[in-house]
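Let's take a friendly walk through a protein model. Have the sequence and the 3D view open, and follow along as we go.

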Amino acid sequence: MKLTLKIWRQKNADAKGQIVEYPIDGIEGDMSFLEMLDILNEDLITKGEEPVAFDHDCREGICGMCSLHINGEPHGPDKGITTCQLHMRMFKDGDTIFIEPFRANAFPVIKDLVVDRSSFDRIQHAGGFISVNTSGNTIDANAIPINKHDADEAFEAATCIGCGACVASCKNSSAMLFVSAKVSQFALLPQGKIEATERVLNMVKQMDEEGFGNCTNTGACEVECPKGISLENIARMNREYLSASLKG
Ligand code: SF4
Ligand code: FES
């Protein structure tokens, strides 16, 4: 396949970025999108040019690092997958592909296609954990009975990989789907109920401080989420938040 890539290039966080055009040839349908970018970068390095910076780690849909806006969609045109799982067979010979970083005030561009998503880490640090007494009297987590429905829902919420596609797809740059998945995975389990009040209040407070927008229920986040995280988590977080606020 012969393709034209239009890629966002930006030297650093303070520089003004721009779209730069790169023709590329010899791309096979069974190559991954990131392999295609590797080929482009090898070519740029051979020519003595600066390679395109992009995030990646596991390359198998687990870590949430790969974060590209491809032809206007976070993680590209395929559904239920991350950028690293996207294959070039989704494109055809002669296509032009626009590749940009995830856009949100709370995700500033560091370089080219790499954005700073440490705002997600700070939200997690504000409450996305449980405290366990490790003084020698710990109870085996498996000894606590949990009904199957709650266990399944908690597991579904826990599959969120923190990629940020929900934010990038939202016209308000809202992080509600991400935060609600992190709140839900604990709120549904007995181990998470002990700190539930502080958790939801602190995580939502941190989310607001990071500059994410408000949720207006457009549902774009659910459509673009590679892990199928449901909007039901947002409803659950709103209930948790209301009940925590009433408790003071
Ligand atoms: S909710 Fe989905 S889109 Fe948002 S960070 Fe988690 S996995 Fe990514
Ligand atoms: S590189 Fe880990 S999810 Fe894509």
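The report below goes from the overall outline to the domains, the cores, a pair of helices and two special loop residues.

## The overall picture

Keep in mind from the start that this is a predicted model. The protein chain contains nine helices and seven strands. If you follow its C-alpha trace along the principal axes, the chain spans about 60 × 35 × 35 Å.

How many of the 248 residues count as buried? The share is 37%. Contacts also link parts of the sequence that are far apart: among contacts with a separation of 6 or more, 70% are between residues 24 or more positions apart.

## Two domains

The domain assignment splits the protein chain into domain 1 (3-111) and domain 2 (118-247). Try finding both in your viewer; their C-alpha centres are 29 Å apart. Where the two domains touch, domain 1 contributes 18 residues and domain 2 contributes 16 residues. On the domain 1 side of this contact there are eight nonpolar, eight polar and two charged residues.

## The nonpolar cores

In soluble globular proteins, nonpolar side chains tend to be buried together. Here, the largest nonpolar core has 40 residues. Which of them touch the most other members? They are Cys166, Val167, Ala175, Leu177, Phe178, Val179 and Met203. Several helices feed this core: α2 (118-125), α4 (165-169), α5 (176-187), α7 (196-209) and α9 (232-247) each give at least two residues. The largest share comes from α5, which supplies eight residues. Both domains take part, since at least three residues of this core come from each of domain 1 (3-111) and domain 2 (118-247).

For a close-up, click on Ala175. Leaving aside residues up to four places away in sequence, Ala175 touches Cys166, Val167, Met207 and Phe212. There is also a second, separate core, made of 18 residues, and among them are Leu3, Phe33, Met36 and Leu113.

## A pair of crossing helices

Two packed helices are described by the angle between their axes and the distance between the axes. Now look at α7 and α9, whose axes come within 9 Å and cross at roughly 110°. An angle from 65 to 115 degrees counts as roughly perpendicular, so α7 and α9 are roughly perpendicular to each other.

Which residues make the contact? From α7 come Ala196, Thr197, Val200, Leu201 and Val204, and from α9 come Met237, Glu240, Tyr241, Ala244 and Lys247. Sorted by class, the residues of this contact are seven nonpolar, one polar and two charged.

## Two loop residues with positive phi

Let's finish with two residues whose backbone angles deserve a look. The phi of Asp112 is near 45°, a positive value in a residue other than glycine. You will find Asp112 in the loop between β6 (109-111) and β7 (114-115). Is Asp112 buried or exposed? Asp112 has 23 other C-beta atoms within 10 Å, and a residue with 20 or more counts as buried, so Asp112 is buried.

Ser173 also has a positive phi, near 50°, and Ser173 too is a residue other than glycine. Ser173 sits in the loop between α4 and α5. With 20 other C-beta atoms within 10 Å, Ser173 is buried.

Definitions and conventions. Residues numbered from 1 in each chain as written. Chains lettered and ligands numbered in written order. Predicted model: local features only at pLDDT ≥ 70, side-chain atom pairs only at ≥ 80, totals over all residues. Core = buried A, V, L, I, M, F, W, Y, C linked by C-beta atoms within 7 Å. Buried ≥ 20, exposed ≤ 12 C-beta atoms within 10 Å, placed from the backbone. Helix = DSSP H or I, 4+ residues; strand = E, 2+ residues; numbered from the N terminus. Domains from an automatic or database assignment. Contact = placed C-beta atoms within 7 Å. Axes fitted to C-alpha atoms, helices over the stretch in contact; angles between N-to-C directions. Parallel < 35°, antiparallel > 145°, perpendicular 65-115°, else oblique. Nonpolar A, V, L, I, M, F, W, Y, C, P; charged D, E, K, R; others polar.
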